[in-house]
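Please walk through this protein with me, looking at its enclosed spaces and its charged pairs.

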Amino acid sequence: GFKPDVDVWAIDVYPIDWINLPNSGNHANIAIEQVTEMRSYLNSITEYSDIPIWITEVGLHAGYPDYSYVGNNIEPQGLFDWPSVSEYLQILVDWLRDNADDYNIGKWFAYVTYSDHTNEGGYMGIRFFDEPEYGATLNCLGEQYRAASLGLPDKKCDSAGNSIYR
């Protein structure tokens, strides 16, 4: 007869689209809709309307123009599309910063900081470092996310994976 107590609601936001590749800024709207629909649902339940949402994973699955199956693994085909993934990250992080209070989003976290897209199989999306070692430098997506998190001038990635100001 009563709703259980909840401190936060967790959600992972990913636009899962293996057809329209690479995933890009258009896919950010899918992730945003996932969050807004969750908030709308929670607001429809009196006991949960004030409970914050924590986005426990922000990511996208395919930053490459194509993929193939090799055994049980997915392998990327073509070159990583830095501008498309950068556009996705820009739109989503800008929206989160601008709307966190209105949608009671307490925190958000990136899915991974590093992934070996060509050898680990399956995940071909956002990564912030080009190597897993301690002390690795940020790539352009990492610099973009850092700048957005600290309120620094906005950056984005060019087609070679270099950071540029937008």
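The second largest cavity in this predicted model has a volume of about 40 Å³. Its walls are formed by Val58, Leu89, Val93, Leu96, Trp108, Ala110, Ile126, Phe128 and Tyr145. Two elements, H2 and strand S5 (105–110), each give two or more residues to this lining, and H2 supplies the largest share, three residues. By residue class, the lining has nine nonpolar members, no polar and no charged ones.

Now turn to the other space, as the structure holds two cavities of 30 Å³ or more. The largest cavity encloses about 60 Å³. Around the largest cavity you will find Leu89, Gln90, Val93, Asp94, Gln144, Ala147, Ala148, Pro153, Asp154, Lys155 and Arg166. Here the elements giving two or more residues are H2 and H3, with four residues from H2 as the largest share. The lining of the largest cavity divides into five nonpolar, two polar and four charged residues. Leu89 and Val93 appear in this lining and also in that of the second largest cavity.

Two residues of the largest cavity's lining, Asp94 and Lys155, lead us on to the charged pairs. A search of the whole structure finds three salt bridges. In one of them, aspartate 94 pairs with arginine 97, and the closest N and O atoms are 3.0 Å apart. Both partners sit in helix H2 (residues 82–99), three residues apart, which is about one turn of the helix. Aspartate 94 counts as buried because its relative accessible area is 17%, under the 20% cut-off. Arginine 97, at 35%, is partly exposed.

Lysine 155 takes part in another salt bridge, its side chain meeting that of glutamate 143 at 3.6 Å, N to O. Lysine 155 belongs to strand S6 (residues 155–157) and glutamate 143 to helix H3 (residues 140–150), so this pair ties together parts that are 12 residues apart in sequence. Lysine 155 is buried at 19% relative accessibility, while glutamate 143 is partly exposed at 27%.

That leaves the pair of aspartate 130 and arginine 127, whose side chains meet in a salt bridge at 3.7 Å, N to O. In this case the aspartate is partly exposed, with a relative accessible area of 46%, and arginine 127 is buried at 13%.

How confident is the predictor, and what is the average pLDDT of the protein chain? The average is 92, and 100% of the residues score at least 70. Among the elements, helix H1 (residues 25–43) has the highest mean pLDDT, 96, and strand S4 (residues 73–77) the lowest, 89.

How values were computed
Residues are numbered from 1 along each chain as its sequence is written. This is a predicted model: local features need pLDDT of at least 70, side-chain atom pairs count only at pLDDT 80 or more; totals for chains, interfaces and linings use all residues. Side-chain values use heavy atoms; hydrogens and water are left out. pLDDT is the predictor's confidence in each residue, from 0 to 100. A salt bridge is a side-chain nitrogen of Lys or Arg within 4 Å of a carboxyl oxygen of Asp or Glu. Buried means under 20% relative accessible area, exposed over 50%, partly exposed in between (1.4 Å probe, protein chains only). On a 1 Å grid over the protein atoms alone, a cavity is a set of points where a 1.4 Å probe fits but cannot get out, and a pocket is an open set with protein on both sides within 12 Å along at least five of seven lines; lining residues have an atom within 4 Å of a point. Grid points are joined across faces, edges and corners, and a volume is the space filled by probe spheres set on the points. Ala, Val, Leu, Ile, Met, Phe, Trp, Tyr, Cys and Pro count as nonpolar, Asp, Glu, Lys and Arg as charged, and the others, Gly among them, as polar.
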